[in-house]
Amino acid sequence: MDKNDKLAVSYRRRQTLITVLPFLALAGLFGALCAIVTAKGYRLDMYLKIVFNEGVVLAIVATGAVFIYTLGSFDISLGASTLFSATLGVLTYNATESLPLMLLVIFAVAVGCSLFSSVLASVFHIPVFVTTVAMMSVLSAVAAQLITTYGGALGGISIPSEVVKPLDKPLFKIIVLVVFSALCIFVFNYTKIGRRQKFLGGNPVCAQLTGISLNKYAIIAFVMAGLGVGIGAFLTLVYTPSVTTTTAGSIGMNIIVAIVFGGMPISGGARSRIYAALVGGFSYILLNNILMLLVDSNAGYGISQIISAVFFLVVVFVTGINYRTQILPR
Amino acid sequence: MKNNVGKKLIGTLAIPVIVAAVLWGLCAANGRSMIANRTSFNYFVIYTAIVMITTMALSINLNSGRFDFSLGAMAVLASVLSSKITYSILGGGAGSAPLMLALNVVVGALIGLASGGLYVLLRIPPIITSLGVTLIYEGVSFTITGGKYVMTEVRSASLSAFAGNWYWPLSIIVVVLAVIVILFDHTKFGYDYKALQNGQKVAVNTGIREVPNALACYAICGALMGIVGFLNMSRSSNINGGSLSFGSIGIMFTAFLPMFIGGYIGRFSNEKLGFLLAAVCMSMLNSTFAVFSNQISASAQSIINAVLLVVFLIYLNNEGLLRKLLSPRKN
C-alpha cells in the first residue's frame, strides 16, 4: 500500500466516523440520561416522556427547515411562526369549537407565513435572512398583542384540555413524526426537488446557469418548512393546550443548533441530510435534560448552558474536520 | 464639481431631514413635542450612541461575511464583569462611571478577542462559532448573577451624573466615530480589512495576514459592545443577567435598519457617518414612540420597525427598477 492509498483509507475512515458520530452522540446521550435518572432514583418513564415531547416538536420543525438550510439560506422566524400559528389556532377553536377548523387555520397560517417570507424575498430581491428577521418581529409582536388582549400576558390563551387530550399519546406523535419524516425523506432524496436544492445550495451560480430556478425551489423549501411549523404548533398545543408570549420562543435558534448538531453543514449543499434534524433535535434536548439533572441549582441553568455550548462546538469541530480550508471560513 | 458636492450633501442629509420633518410634524400636529425637556434630550443622545455603536459593531463582521449572534451577550457579560469589579474597588463612590466605562472597553475587547480566537482556532463557520459563544457568554453572565438583575453594583451618583448630562454620551459618539473612521479608513489595518472583505482569497495570496485582521475585528467589536453595555447600564440603572437560550440576541436586530440606512448614506459620504445619521433617525423614531406611548404599544412599535426595514430594503434592492419605472419614457 503506497502513501496515497494510506491517505485515502485514512480519509475514508474519518468520513465514516464523521457520518456515524451524530448517531453515536445520540445513543451515548440516551444511555447517559437513562443511567443518571436511574442513579438518582427518579422515574425514567417520566423523563423519557418529557424528552420525547420536547424533542418531537424541535425535530419536526427542524426537519422542515432542512429544506431552507440546504439552499444555504436560513430562517430565524420559525419559532415566532410556530407561536403565531398556535395563537390563531387557539383563537379559532375558542370562536368555533371546531378541531378540524383549528387544524386548518394552524396549517394555513404556518404555510402562509413561510410563503410570504419567501415571496417577499424572491419578488423584491431582499436577502432571505433579513426578511425572516422582520417576519420574526412582526409575528411575535402580533401574537403577543393577541395573547395579551384575549388572555393576559402571564396566563395566556388556552383551549379546553379534553379537546386535545386523546391525541397526547406517544403513538400518535410517533406516527406524525414518521409520516412527516418519510415525506421529507422522499421529497429530499427521491425527487428532483431535493437534488436541485442541494445543487443550488452547493453552487448557486452553476445551478442557475443550468436553468434551475432559485425562486421556485426557495418557495418549495419554505412551504416544506411551513408544514413542519404547522405540525410543530399543533403538537405544542397537544402537549400544553395553552399559549403564552414565551411559547416556542427558543425554537428558531434551537433549530440551527439541532441541524448542525446532527452533522449537517449550515452552508447547505450536497452534504445536507434530513436525518440531521431528527438526530440533532433529540440529541440537543437529551443533552439539555441531562445537564439539568446534573446541575440542579438556579445558577446551574447557566453552567448547563455553557457545557451544552462547549459540547455543541466540539461536535461541530469534529464533524467538520475533513473540510478545513487554508483561508478562514465565512 | 459644485454640483457633485451638492449632490453628496443632499444624498447624505435627505433621509435624516425627511425623517425629522415627518416626525416633528406628527408630534406638532398632535400638540406635542418630540423632545420635551432636557431629560428626554439626554435619553435621545444616549439612544443615538447605543444604536450607532451597535450598528458599527454589527457591520464590522457582517460586511466581511462573518455573522455574529454574540454581540448582545458580549455587552451583557462586559457590563456584569466591569460593574462587579468597579463596585469591589470603589464601592459605588466617586469615579465609578469612568472606571466602569474603561473596564467595559477592556473586558469587552478581551471577550471579543476570545470569541475571535475560538473562530480562528476551530475554523468552523463564524455563524456557528457565534451560536456557541452566545450560549457560553449568556451562561457565564447567568452563573455570575444567579439569573437576577444587577442593581446595587450599577447604581451610583457617578453613573447618574453621566446619564444626566447629554455631553458625555455625545463625547463618546465623537470619540468612537473618530476612532473607527481612522482605524478603518486611514490605517494599514483598515486597508487590509477592505481587501479581505472584497476578495478574501486574492488578499490572502498577496500576503495580507487574515488571522490577525480577523482577531482585531472581533476585539474591536467586543470593545464597542462593551461601550454599548455601559450606555445601557447608564440608561436603565441595571443589567439583566437572566438571559439564556439566545435571549440576548434581540439587541442585534435593532441595528439592522440603521445598518442599511447607513450603507445607503455612505454612498454619498462616509459609511460610518451614515451610521451616525441613521442612529439619529432611529432615535427620533424612538422619541416619537415615547411621546405616543399611550397610543402605540410595544408590539405596534416592533411592527412599525419591521415594516420600515422591509420597505427600505424593497427600495434599496429595486432602486434601478423603480428609477426606470418613474423616469419619463424616451421614444
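This short talk walks through a predicted model with chains A and B, from the overall build of chain B to the contact between the chains and a few single residues of chain A.

Let me begin with chain B as a whole, which has 15 helices and 2 strands. Its radius of gyration is 21 Å, close to the 20 Å that the globule rule gives for 331 residues, so chain B is as compact as a globular protein of that length. Along the principal axes, the C-alpha atoms of chain B fill a box of roughly 75 × 60 × 35 Å, and 49% of the 331 residues of the chain count as buried. If we take the contacts in chain B between residues at least 6 apart in sequence, 82% of them join residues at least 24 apart.

Chain B is divided into domain 1, made of 1–32 + 256–308, and domain 2, which covers 65–254. The centres of these two domains, taken over C-alpha atoms, are separated by 25 Å, and the contact between them involves 4 residues of domain 1 and 5 residues of domain 2. On the domain 1 side of that contact, the classes are 2 nonpolar, 1 polar and 1 charged residues.

One helix of chain B that I would like to point out is α3, residues 71–90, whose 20 residues reach 28 Å from the first C-alpha to the last, close to the 28 Å expected at 1.5 Å a residue. This helix is mostly covered, with 15 of its 20 residues buried, and after α3(B) comes Gly91(B), which has a positive phi near 60 degrees.

Now to the contact between the chains, which takes 39 residues from chain A and 43 residues from chain B. On the chain A side, α4 (99–124), α5 (128–150), α11 (251–261) and α13 (300–319) each supply at least two residues, and α13(A) gives the most, with 11 residues. By class, this side of chain A divides into 27 nonpolar, 10 polar and 2 charged residues.

What about the nonpolar core? The largest one has 207 residues, and those with the most contacts inside it are Val61(A), Ala62(A), Ala65(A), Ile259(A), Ala277(A), Leu77(B) and Leu224(B). Domain 1 and domain 2 of chain B both give residues to this core, so it lies between them.

Ala65(A) is a convenient entry point here, since beyond its neighbours within four places in sequence it is in contact with residues including Leu78(A), Ile255(A), Ile259(A) and Ala277(A). Leu78(A) sits in helix α3 of chain A, residues 78–96, and it counts as buried because it has 34 C-beta neighbours inside 10 Å. Residues up to four places away in sequence aside, Leu78(A) touches Val61(A), Ala65(A), Ala225(A), Val229(A), Ile251(A), Gly252(A) and Ile255(A).

I will finish with two backbone angles in chain A, and some background helps: most residues other than glycine have a negative phi. Glu97(A), although it is not a glycine, has a positive phi of about 55 degrees; this residue lies in the loop between α3 and α4 of chain A and is exposed, with 12 other C-beta atoms within 10 Å. The other case is His125(A), whose phi is positive and near 55 degrees, and which is placed in the loop between α4 and α5 of chain A. Is His125(A) buried or exposed? With 14 C-beta neighbours inside 10 Å, His125(A) counts as partly exposed.

Methods. Residues are numbered from 1 along each chain as its sequence is written. Chains are lettered from A and ligands numbered from 1 in the order in which they are written. This is a predicted model: local features need pLDDT of at least 70, side-chain atom pairs count only at pLDDT 80 or more; totals for chains, interfaces and linings use all residues. Two residues are in contact if their C-beta atoms, placed from the backbone, lie within 7 Å. Helices (H or I, at least four residues) and strands (E, at least two) are DSSP runs, numbered from the N terminus. Ala, Val, Leu, Ile, Met, Phe, Trp, Tyr, Cys and Pro count as nonpolar, Asp, Glu, Lys and Arg as charged, and the others, Gly among them, as polar. The expected span of a helix is 1.5 Å times one less than its number of residues. Domain bounds come from an automatic or database domain assignment. The radius of gyration is taken over C-alpha atoms; the globule rule is 2.2 Å times the number of residues to the power 0.38. A nonpolar core is a set of buried Ala, Val, Leu, Ile, Met, Phe, Trp, Tyr and Cys residues joined through C-beta atoms within 7 Å.
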